[in-house]
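Reader: I'm new to this one. Could you walk me through it and tell me how the labels are earned?

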Amino acid sequence: DTHRPLNKGVCMSLLSDRMSRDMARSGLAPRTRKEYIAAILHMTSFLGRPPDQLVPDDIRAWDDEMQRRGLGPSWIRVHLAALAFLYRRTLSRPEMVSFLSCPRSTRKLPIVLSPEEVQRLLAAFLKQRYRVFFSLLFDTGMRISEAIQLTAGDIDHARGVIHIRHGKGRKERLVKLGEHLYELLRSYWREVRMKDPHPEPLSKDSLLFAGKTGAPLSLDGARFALRLAVRKAGISKSVTPHTLRHGFATAQLEAGTDLRVVQAQLGHASIRSTEIYLHVSTRLIRKAPSPLEALPSP
């Protein structure tokens, strides 16, 4: 019977495929698309019906459930953004989410390692591949997702810059190529990358960082190597790849680099995102005058 209704699983699969295509057309990053689909499936599991069969009160019930579970603001924001995309873009039913509002989150100061801690951390990596990779993150402020997509041709020693072609939001930018970093990259390319097995000869289009199979460096593998190095270095702070980006921004400001130059190198759309590093620079804070000391002597 060709008129037999599709079961719930098939309907959800078709809707997920349609939403995925819409997100790809909108330029959303693969990781964001994956998170949005997972969020919709999570809601569907709770409500027991496909999204195209829901009414606004069902969305309210799911919103109430997220609040009841005490989920964090960032987690809830991802789910609400997924709902907004689904109903506004894919299903063309904006009234389903018009009443939703994102929760405010407490803006925490980023964790920054001291220069001594960074030195211990980089020395703790067992493999040169990862030591150079995380040295790059610290010296340029790149996101880990940007660094794994670098090619040999993106390193412009003549101009003293690195060309980031796959930045967040598909934005390209330039960051400074320090001479010490350049020498690290040259040694790594010669001693590690050229000795890897390659399906074709290395060229300017070859990935700068890749696994031994030639595939892009694994994000999970890089994060695991970082956790091992943190443990070996005896660092008690919570350290992620983004911590090295925070360290770059803080070091730049402490060295007197103009805030807008730091913003450009980090690829921040708003300078407000960059200003947070003014609050974590202990060197700048220590330089601030003390009002008590400015009082006249009794």
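Author: Let's start with a yardstick: a residue is buried under 20% relative accessible area, exposed over 50%, and partly exposed in between, using a 1.4 Å probe and protein chains only. Bear in mind that this is a predicted model, where local features need pLDDT of at least 70, side-chain atom pairs count only at pLDDT 80 or more, and totals for chains, interfaces and linings use all residues. Residues are numbered from 1 along each chain as its sequence is written, and side-chain values use heavy atoms, with hydrogens and water left out.

Reader: Why is Lys-237 called partly exposed?

Author: Its relative accessibility is 32%. Partly exposed is the band between under 20% and over 50%, so Lys-237 counts as partly exposed. You'll find Lys-237 in the loop between helix 9 and helix 10. Helices here are DSSP runs of H or I with at least four residues, strands are runs of E with at least two, and both are numbered from the N terminus.

Reader: What makes a residue a contact of Lys-237?

Author: Contact means heavy atoms within 4.5 Å. Leaving aside neighbours within four places in sequence, Lys-237 is in contact with Ile-111, Val-112, Leu-113, Ser-114, Glu-117 and Val-230. Take Glu-117: Lys-237 and Glu-117 are 120 residues apart along the chain, and their C-alpha atoms are separated by 9.9 Å.

Reader: What about Ser-236, is it buried or exposed?

Author: Exposed, because its relative accessible area is 76% and the cut-off for exposed is over 50%. Ser-236 sits in the loop between helix 9 (219-233) and helix 10 (241-254). From Ser-236 to Ala-255 is 19 residues in sequence and 26 Å in space, C-alpha to C-alpha.

Reader: And how do you know whether Ser-92 is buried or exposed?

Author: Same routine. Ser-92 has a relative accessible area of 55%, so the label is exposed. Ser-92 belongs to the loop between helix 4 and helix 5 (115-123). Its phi is near 55°, a positive value in a residue other than glycine.

Reader: Which residue can you show me with a buried label, and what makes it buried?

Author: Try Val-132: its relative accessible area is 4%, so Val-132 is buried. Val-132 is part of helix 6 (residues 128-140). Not counting residues up to four places away in sequence, Val-132 touches Leu-184, Leu-185, Tyr-188 and Phe-209. Thr-274, on the other hand, is 142 residues from Val-132 in sequence and 25 Å from it in space, C-alpha to C-alpha.

Reader: Why is Asp-58 called buried?

Author: Because its relative accessibility is 14%, and buried means under 20%. Asp-58 has its place in helix 3 (residues 56-68), and it touches Leu-47 and Arg-49, not counting residues up to four places away in sequence.

Reader: How do you know that Ile-37 counts as buried?

Author: With 15% relative accessibility, Ile-37 gets the buried label too, because the limit is under 20%. Ile-37 is in helix 2 and touches Ser-16, Met-19, Ser-20 and Met-23, if you skip residues up to four places away in sequence. The C-alpha atoms of Ile-37 and Val-230 are separated by 33 Å, with their positions 193 residues apart along the chain.

Reader: What makes helix 2 and helix 4 roughly perpendicular?

Author: Helix 2 (residues 30-47) and helix 4 (residues 73-90) pack at an angle of about 90°, with axes 9 Å apart. Angles under 35 degrees count as roughly parallel, over 145 as roughly antiparallel, 65 to 115 as roughly perpendicular and the rest as oblique. Helix 2 and helix 4 are therefore roughly perpendicular to each other. The contact is made by residues including Tyr-36, Ala-39 and Met-43 of helix 2 and Trp-75, Ala-82 and Phe-85 of helix 4. As for the axes, they are lines fitted to C-alpha atoms, for helices over the stretch in contact, and angles run from 0 to 180 degrees between N-to-C directions.

Reader: How many helices and strands does the whole chain have?

Author: The chain has 14 helices and 3 strands. Buried residues make up 40% of its 298 residues. Its C-alpha trace spans about 75 × 75 × 35 Å along the principal axes.
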